[in-house]
Amino acid sequence: MLITIFTPVYNRKKLLPRLLTSLKAQRAKNFEWILIDDESTDGSWEYMESIQDSTEFPVRIFRQSHGGKHRAINKAVDLAKGEYFFIVDSDDCLRPDAIEKVNSWLDDVPIESNKIVGVSGLRESFTGKIWGGYPQCTGGYITCSNLERYKYGLLGDKAEVYRTAVLREHKFPEFAGENFVTEAVCWDAIAADGYVLRWYNEPIYVADYLEGGLTKSGSNSLAGHRENFQGYCYYVKQSHVFYSQIRFMPLFWSYHLTCNSMGMPMAERGKHIGMSLPSYLFYLLLIPFAGAYIKMERLLRG
């Protein structure tokens, strides 16, 4: 079984050696490494060229016109030779037993289970902190969809490995002139089609959130929402369909603040997310009560 490890690259020449070292240290070597450069200007491409023949595993490098991580994922999924697909960002790395554990987890998935389309481990910081904390599970793993994560305490970013064929059926939408679409668009769409993952209670992925990364670069800020408005609206509209009303409330409030920052008339706001004006105003009326409801739900969930 071949696994494709995919890394999108944008001005990461100084950090790529750390990731390369962690891949060379993998106990299991049944993987290829695909890197797609997003028009870097710091010599990242030249570094990628220099390492192609320095490893025990295949290193395949490609370029794209500057278009963001979601476009790079779409391209890499088509290029991948692996049966499974593992996104590992350029500023992160893997623990030495990561691929070994993924192999073991995938071997345990029942052959007849077409609905289990991948596995996931935990992410930890470089100081050993578990991002999102440990999930509520017994027996080492939880089997659920991306839309059920909150129910089981699967908070924060995880280290998902998806079946490549399923990713090819659930590409990210691409909007002209926009360079960001949240990855939740893809993972939620897969979940909505009835697919689940096995989420294991063990760390395999090491990450910190650096300045300049998507988390801190503003892509998920009001400014980022304005700059990538079509992609942002696509996510909000999709979430209105997939999420419970209460879970949707924080996202709705963020959308409302984004519209405020754009000076958008109230009558126009709902149409961008498939919502009538009366429905939009109804959600606004619910906002003051949303915080208390969410706190109560968390207490009941334990």
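A residue counts here as buried when its relative accessible area is under 20%. Keep that cut-off in mind as we walk through this predicted model.

Let's start with helix α3, which spans residues 69-79. Eight of its eleven residues are buried, so the helix is largely enclosed by the rest of the structure. The buried ones are Lys 69, His 70, Arg 71, Ala 72, Ile 73, Asn 74, Ala 76 and Val 77. What do these buried residues of α3 pack against? Their partners are the strands β1 (3-9), β2 (31-37) and β4, together with helix α5 (164-168).

Strand β4, residues 84-87, takes us on to the next stop, since three bridges join it to β8 in an antiparallel arrangement. In that pairing, Tyr 84 stands opposite Arg 163 of β8. Strand β6 (residues 116-124) also runs antiparallel to β8, and five bridges join the two. Here Ser 120 has Glu 160 as its bridge partner in β8. How enclosed is β8 itself? Five of the six residues in this strand, which covers 158-163, are buried, so β8 too is largely enclosed by the rest of the structure.

Now for some empty space. Rolling a probe the size of a water molecule over the atoms shows where such space is left. The second largest pocket holds about 220 Å³. It is lined by 13 residues, and those closest to its centre are Tyr 84, Leu 106, Val 109, Pro 110 and Ile 111. You have already met Tyr 84 as the residue opposite Arg 163. Helix α4 (98-108) and strand β6 each supply at least two residues of the pocket's lining. Sorted by class, that lining has seven nonpolar, three polar and three charged residues.

Finally, let's look at the nonpolar interior. In soluble globular proteins, nonpolar side chains tend to be buried together. The largest nonpolar core in this model has 47 residues, and those with the most contacts inside it are Phe 6, Phe 85, Leu 167, Trp 187, Ile 190, Phe 248 and Tyr 255. Helix α9 (residues 245-262) gives the largest share of this core, seven residues. A second, separate core has 39 residues, including Val 9, Ile 51, Val 102 and Val 161.

Leu 167 is a good place to zoom in. Setting aside neighbours within four places in sequence, Leu 167 is in contact with Val 77, Phe 85, Tyr 162, Cys 186, Trp 187 and Ile 190. One of these contacts, Val 77, is among the buried residues of α3, which brings us back to the helix where we began.

Conventions
Residues are numbered from 1 along each chain as its sequence is written. This is a predicted model: local features need pLDDT of at least 70, side-chain atom pairs count only at pLDDT 80 or more; totals for chains, interfaces and linings use all residues. Side-chain values use heavy atoms; hydrogens and water are left out. Buried means under 20% relative accessible area, exposed over 50%, partly exposed in between (1.4 Å probe, protein chains only). Helices (H or I, at least four residues) and strands (E, at least two) are DSSP runs, numbered from the N terminus. Two strands pair if DSSP finds at least two bridges between them. Contact means heavy atoms within 4.5 Å. On a 1 Å grid over the protein atoms alone, a cavity is a set of points where a 1.4 Å probe fits but cannot get out, and a pocket is an open set with protein on both sides within 12 Å along at least five of seven lines; lining residues have an atom within 4 Å of a point. Grid points are joined across faces, edges and corners, and a volume is the space filled by probe spheres set on the points. Ala, Val, Leu, Ile, Met, Phe, Trp, Tyr, Cys and Pro count as nonpolar, Asp, Glu, Lys and Arg as charged, and the others, Gly among them, as polar. A nonpolar core is a set of buried Ala, Val, Leu, Ile, Met, Phe, Trp, Tyr and Cys residues joined through side-chain atoms within 4.5 Å.
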